[in-house]
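Thanks for coming, everyone. Let me put the model up, and then I'll walk through a few local features, the pockets and the cores.

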Amino acid sequence: MSANTILLDFSLDPARINDEESRKDIVKLCKDNLEKYLVGLKLTYDMLTSDGYLCMLNETGSGTIVTIRFFQQGLITINVEYYRKDGDQPIISFEQIRELENHLVQKLKFNHGQSLPPLQRGPLTRFFPTADERVIEYDIDRVLYDQRSDFQKIQIVHSKSLGNMLVLDELQNISEADLIYTETLMCRGVEDYAGKEICILGGGDGALLYELLKEKPKHVVMLEIDEMVMQACNKYMNSICGDVLERLNDDRYEIILGDCMVYLNKFISDGRKFDYVFGDLTDIPISDTPTGEIWDFIRVILESSFKVLKPTGKFMTHGNGVSCPDSLEMYEKQLAKLTPKVTFTKSTAFVPSFMEEWVFYQVQREDANAAGSV
């Protein structure tokens, strides 16, 4: 079940939009051509607006609504919205939409026309945003898990091309096709984790823990606040997390349920140190300035992580998409303010479920090499 929205738009000489007779002719021809697919369209509402003209047409009996909007700057938009039950054929196929677009361009001598496949909205969410807020439609065919914890909305959906995918608060997080994400985050093949002590902040999908354990570290502790994420991933994302979420600890690792800051502060108080700390928490925000609750949280995480890192230790984290250079630059300026001074390197990888290139950071003390040689 879904609400389907067909979108067409056309550009033309603004003078034609501002002429009443021209507008009437355009509306009539649009209505006549739409009636090839929508029976008994009636004009039910129209009005002049501050930037042009708007009219609404209804199809007899079906509830289908067509809106035609004229913008005085030289743009016309046509939106067709209707409800479609599972198994029903679309009222207008995409091929017919393209034919309609081309016919109107030719008959009305528009400068340009464009049409999109029907956008489907409803219980089965198929659209998710990229880092820079473009919209991607995924080939999702079913929802496997849909619950809300005390902290967030948790969904696991199935994509025909990506496999099962974890979605948190309507943002895609990781799919079964995203091993490259985890491998780039941990710099597999570059960093040596054998015999090392590691702390993961977040990481509730289990993918990072699962892959790190293959590198034979001395011990890994993971701090995750949302047990429901772990339960969902353990059931539906085994290909990325294996069996590591089935128990909270063994001789190789320990999963601690709770606020990571509470346990970071405890580690600081106890003098516990790690070779690596992974920030597998929130992405770098997209904002005009590095202010607000999330930026404050990021700064606290950075400062606290370096208090539990050994002098030669590294803080490893994900950033954001390469399409967000301003936010990445703001993050790097926060790194420059840390005490003691730090240096960083960056890695990038195209992440299949993000459908964009992502940036990862490796941060360590500026004097780490000197400390390692002592």
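Start with Cys187. It counts as buried, because its relative accessibility is 10%; buried means under 20% relative accessible area, exposed over 50%, and partly exposed in between, with a 1.4 Å probe and protein chains only. Before going on, the ground rules: this is a predicted model, where local features need pLDDT of at least 70, side-chain atom pairs count only at pLDDT 80 or more, and totals for chains, interfaces and linings use all residues. Residues are numbered from 1 along each chain as its sequence is written, and side-chain values use heavy atoms, with hydrogens and water left out.

Back to Cys187. Its phi is positive, near 50°, and it is not a glycine. It is found in the loop between α4 and β14 (197-202). Helices (H or I, at least four residues) and strands (E, at least two) are DSSP runs, numbered from the N terminus.

Lys216 also has a positive phi, about 60°, and is not a glycine either. Its loop runs between α5 and β15. Lys216 is exposed, because its relative accessible area is 65%.

One more backbone item. Thr339 and Pro340 are joined by a cis peptide bond, with omega about 0°. Pro340 lies in the loop between α10 (325-336) and β19 (342-351). For context, most residues other than glycine have a negative phi, and most peptide bonds are trans.

Now the strands at the start of the chain. Strand β1 (residues 2-11) pairs with strand β5 (residues 75-84) in the antiparallel sense, over 10 bridges. Pairing here requires that DSSP finds at least two bridges between the strands. Ser2 has Arg84 of β5 as its bridge partner. On β4 (residues 65-71), the pairing with β5 is antiparallel too, over 7 bridges. There, Phe71 bridges to Leu75. The β4 and β5 hairpin has 3 residues between the strands, and Gly74 takes a positive phi near 110°.

Next, pockets. What is the volume of the largest pocket? About 1400 Å³. Of its 44 lining residues, the closest to the centre are Leu171, Asn173, Leu281, Thr282 and Asp283. The method is a 1 Å grid over the protein atoms alone: a cavity is a set of points where a 1.4 Å probe fits but cannot get out, a pocket is an open set with protein on both sides within 12 Å along at least five of seven lines, and lining residues have an atom within 4 Å of a point. Grid points are joined across faces, edges and corners, and a volume is the space filled by probe spheres set on the points.

Which element gives the largest share of that lining? β13, with 4 residues. Elements supplying at least two residues each include α4 (179-185), α5 (207-213) and β20 (356-365). The lining splits into 23 nonpolar, 12 polar and 9 charged residues. Ala, Val, Leu, Ile, Met, Phe, Trp, Tyr, Cys and Pro count as nonpolar, Asp, Glu, Lys and Arg as charged, and the others, Gly among them, as polar.

The second largest pocket holds about 280 Å³. Its lining takes in the bridge pair just mentioned, Ser2 and Arg84, and among the others are Met1, Gln120 and Arg126. The split is 3 nonpolar, 4 polar and 5 charged.

How many cavities of 30 Å³ or more turn up in the whole structure? Just 1. The largest cavity has a volume of about 130 Å³. Thirteen is the lining count, written 13, and Thr282, Ile298, Phe315, Thr317 and Tyr331 are the closest to the centre. α9 gives the largest share of this lining, 4 residues. By type, the lining is 8 nonpolar, 4 polar and 1 charged.

Last, the cores. The largest nonpolar core has 41 residues, and Leu166, Ile200, Leu209 and Phe278 have the most contacts inside it. A nonpolar core is a set of buried Ala, Val, Leu, Ile, Met, Phe, Trp, Tyr and Cys residues joined through side-chain atoms within 4.5 Å. α5 gives the most to this core, 5 residues. A second, separate core of 29 residues includes Phe274, Ile298, Tyr331 and Val363. Ile298 and Tyr331 also came up at the cavity.
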